[in-house]
Amino acid sequence: MSELLPNLDLSLFNETTHATPAHDHQPRILLLYGSTRERSFSRLLVEEAARLLTHFGAEVRIFNPSGLPMPDDAPVEHPKVQELRDLVLWSEGQVWCSPERHGAMSAVFKAQIDWVPLALGAIRPTQGKTLAVMQVCGGSQSFNVVNQLRVLGRWMRMFTIPNQSSVPKAFMEFDHTDRMKPSPYYDRVVDVMEELVKFTLLLRDHPELADRYSERKESAQQLTERVNQRSI
């Protein structure tokens, strides 16, 4: 792995940095990006994050938004919609990264979130899962997108970690091999991914932290109704 992370000083990490889950599988992290350009810098940043997450002991999957229809412009049975929803259900944490377009997240990114409902039957696909937010900028550093992603993550009932990454002039931060150059911006990405793995392990091993009274009450009422129906 060290040859895949040439900019990472491995001497600054100890064994506790890596995932040591109580579960029988690695933390499952889904990464989403917000551009279908051939050389998408949000994709390149996500790929760099995925390498770091793998180093920290996570299992990662990256969703390619190319071919995903606009929300409500296709049935939910569309293959790309089902692929996205399956990955969201599979994940225990997520990384969201979008370019800034006109001071906001891209339509490509927002469309992905709009295809994910708050509930799929009795399953809440995003609730209680961890989230790290990042953005890439074409010019000077901005935090418009990460701020919007935080609002979106809260609405999706996710735990958004404190740290975040905003990369200005992203076209200058990647070399000819599409790898991120050494810089404080790269170090911040390392910080964010390390923190995401730690919070994911914490919440996954303690699901009661994401439990809600109102939903327990609702579930109890539904159970009572089913029992009463069977006794009739």
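Here are some exercises with worked solutions on the predicted model above.

## Exercise 1: An arginine in a loop

**Task.** Find where R179 is placed, decide whether R179 is buried or exposed, and work out which residues R179 is in contact with.

**Solution.**

- Step 1. Begin with the chain: R179 sits in the loop that runs between β7 (165-167) and α5 (184-205).
- Step 2. Turn to accessibility. The relative accessible area of R179 is 16%, and the cut-off for buried is under 20%, so R179 is buried.
- Step 3. List the partners, setting aside neighbours within four places in sequence: R179 is in contact with L4, L5, P6, E48, R51, E173 and F174.
- Step 4. Add a distance. L45 is 134 residues away from R179 in sequence, yet their C-alpha atoms are 8.6 Å apart in space.
- Step 5. Look at charge. A network of salt bridges links R179 with E48 and R51, and both E48 and R51 are in the contact list of R179.

## Exercise 2: Salt bridges in pairs

**Task.** How many salt bridges does a search of the whole structure find? Then examine the pairs E47 and R43, D114 and K110, and E59 and R61.

**Solution.**

- Step 1. The search gives nine salt bridges.
- Step 2. Take E47 and R43, whose side chains meet at 2.9 Å, N to O. Both residues belong to helix α1 and are four residues apart, about one turn of the helix. E47 is partly exposed at 24% relative accessibility, whereas R43 is buried at 18%.
- Step 3. Move to D114 and K110, where the closest N and O atoms are 2.7 Å apart. These two are four residues apart in helix α3, so about one helical turn separates them. D114 is partly exposed at 41%, and K110 is partly exposed at 30%.
- Step 4. Finish with E59 and R61, whose closest N and O atoms are 3.6 Å apart. E59 counts as partly exposed at 26% relative accessibility, and R61 is partly exposed at 34%.

## Exercise 3: Inside the nonpolar cores

**Task.** Which residues of the largest nonpolar core touch the most other members, and which elements give two or more residues to this core?

**Solution.**

- Step 1. The largest nonpolar core has 34 residues, and L45, L52, L53, V95 and M193 touch the most other members.
- Step 2. Two or more residues come from each of β1 (28-33), α1 (41-55), β3 (93-101), β5 (130-136) and α5.
- Step 3. Another core, of 22 residues, lies apart from this one; L30, W96, V116 and V146 are among its members.
- Step 4. Return to M193 and leave aside its neighbours within four places in sequence: M193 is in contact with A49, L52, L53, F56, V95, A132 and M134.
- Step 5. For background, nonpolar side chains tend to be buried together in soluble globular proteins.
- Step 6. Now check the surface. F199, L202 and L209 form a nonpolar patch there, with about 260 Å² of accessible area together. L202 is in helix α5 and is partly exposed, at 43% relative accessible area.

## Exercise 4: An aromatic pair

**Task.** How many aromatic pairs are counted, and why does the pair of F41 and F174 tie together parts that are 133 residues apart in sequence?

**Solution.**

- Step 1. The count comes to two aromatic pairs.
- Step 2. In the pair of F41 and F174, the rings are 6.0 Å apart centre to centre and their planes make 40 degrees, a tilted arrangement.
- Step 3. F41 lies in helix α1 and F174 in the loop between β7 and α5, so their pair ties together parts 133 residues apart in sequence.
- Step 4. Both partners are buried: F41 has 14% relative accessibility, and F174 has 4%.

## Exercise 5: Positive phi values

**Task.** Where are D72 and R157 found, and what is phi near in each?

**Solution.**

- Step 1. Recall that most residues other than glycine have a negative phi.
- Step 2. D72 has a positive phi, near 70 degrees. D72 is in the loop between β2 (59-63) and α2 (79-90) and is exposed, at 75% relative accessibility.
- Step 3. R157 also has a positive phi, near 65 degrees. R157 is in the loop between α4 (144-155) and β6 (159-160) and is partly exposed, with 27% relative accessible area.

Technical notes:
Residues numbered from 1 in each chain as written. Predicted model: local features only at pLDDT ≥ 70, side-chain atom pairs only at ≥ 80, totals over all residues. Heavy atoms only, no water. Buried < 20%, exposed > 50% of the residue type's maximum accessible area, 1.4 Å probe, protein only. Contact = heavy atoms within 4.5 Å. Patch = residues over 30% accessible without salt bridge, like charges linked within 9 Å, V, L, I, M, F, W, Y side chains within 5 Å. Areas by Shrake-Rupley, 256 points an atom, 1.4 Å probe, with all protein chains shown as cover. Salt bridge = Lys/Arg side-chain N within 4 Å of Asp/Glu carboxyl O. Core = buried A, V, L, I, M, F, W, Y, C linked by side-chain atoms within 4.5 Å. Phe/Tyr/Trp six-rings, centres within 6.5 Å; stacked < 30°, edge-to-face > 60°.
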